[in-house]
Amino acid sequence: MDGAPPATAGPEFDEDELDAKWGFAPVEPLVGFGAPPVVAVLVTADPGDWFEDTLESLADQDYESLSVLVIDNGGSADPTRRIAEILPTAFVKRLEVDRGFSAAANEVLVSVEGAAFYLFIHDDVRLAPDAVTSLVAEAFRANGGVVGPKLVDWDDPSRLKSVGYSVDP
C-alpha cells in the first residue's frame, strides 16, 4: 500500500434499504404496461372553419390511449354536432360564460379522473399524427412534468413559430 486512505470510511449502508425506509424509492420497481392515458383538453369558443382540421388532427393521432375533452368556453353556438361528426367519442362540456383559456382548461380537474397526462390545446391547432406519442415519449425520456412541441406555421410547416418558449418562458 502506498499510504492512501481506504476508499470507504465510516459504516456500511445499504442504499436500497435506506431509500425504502425514508420513502425515496419503491422496494420493487414499478412496472406497467400499455400507454399511459392522455386527455386532450381542447378549449374553444365559436370556432371558425379551421375547427374541423383541428378535430381531424386529434382523430388521426397514432396514440392508443387518447381521450378528448372539448370545453366550450361560453360560445354562442353549440359545437357538439361538429365535434361528434369527427370525434364521436369526445366529451363536450359547455360553460355559460367565457372564463378565459386557463380557467376553462382547469375544468379538466373536475371533469376527468385517471389521466397520466393532459394535452392542452386551442381550437386553431393542427397536430401531426404522432404529436401525442412524441410528447409522451419526451416526457418519459426527460422525466419532464411539462413538455411542449415545436410550433410551425399553419400554411407553411417548414417555418418555425416557437420551440418551447410558450411552455418554458
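**Notes on the surface patches and the core**

1. Helix 5 (108–111) and strand 4 each contribute at least two residues to the nonpolar patch. One caveat before going on: this is a predicted model. The patch lies on the surface, covers about 500 Å², and is formed by Phe 101, Leu 109, Val 110, Tyr 118 and Phe 120.

2. Take Phe 120 from that patch; it sits in strand 4. Its relative accessibility is 41%, so Phe 120 counts as partly exposed.

3. Now to the interior. The largest nonpolar core is built from 20 residues, and those with the most contacts inside it are Leu 42, Leu 55, Leu 58, Val 68, Ile 83, Leu 87 and Leu 119. Two or more residues each come from strand 1 (38–44), helix 2 (51–59), strand 2 (66–73), helix 3 (80–86), strand 4 (117–122) and helix 6 (131–142). Helix 6 gives the largest share of this core, with four residues. As a general point, nonpolar side chains in soluble globular proteins tend to be buried together.

4. Val 125 is worth a look too, in the loop between strand 4 and helix 6. With a relative accessibility of 25%, Val 125 counts as partly exposed, because buried means under 20%. Along the chain Val 125 and Thr 54 are 71 residues apart, yet their C-alpha atoms are separated by 5.5 Å.

5. Finally, the charges. Asp 14, Glu 15, Asp 16 and Glu 17 form a patch of negative charge on the surface. Among them, Asp 14 belongs to the segment before helix 1 (15–22), and its 42% relative accessibility makes Asp 14 partly exposed.

Technical notes:
Residues numbered from 1 in each chain as written. Predicted model: local features only at pLDDT ≥ 70, side-chain atom pairs only at ≥ 80, totals over all residues. Heavy atoms only, no water. Patch = residues over 30% accessible without salt bridge, like charges linked within 9 Å, V, L, I, M, F, W, Y side chains within 5 Å. Areas by Shrake-Rupley, 256 points an atom, 1.4 Å probe, with all protein chains shown as cover. Salt bridge = Lys/Arg side-chain N within 4 Å of Asp/Glu carboxyl O. Lys, Arg positive; Asp, Glu negative; His and termini not counted. Charge placed at Lys NZ, Arg CZ, Asp CG, Glu CD. Buried < 20%, exposed > 50% of the residue type's maximum accessible area, 1.4 Å probe, protein only. Core = buried A, V, L, I, M, F, W, Y, C linked by side-chain atoms within 4.5 Å.
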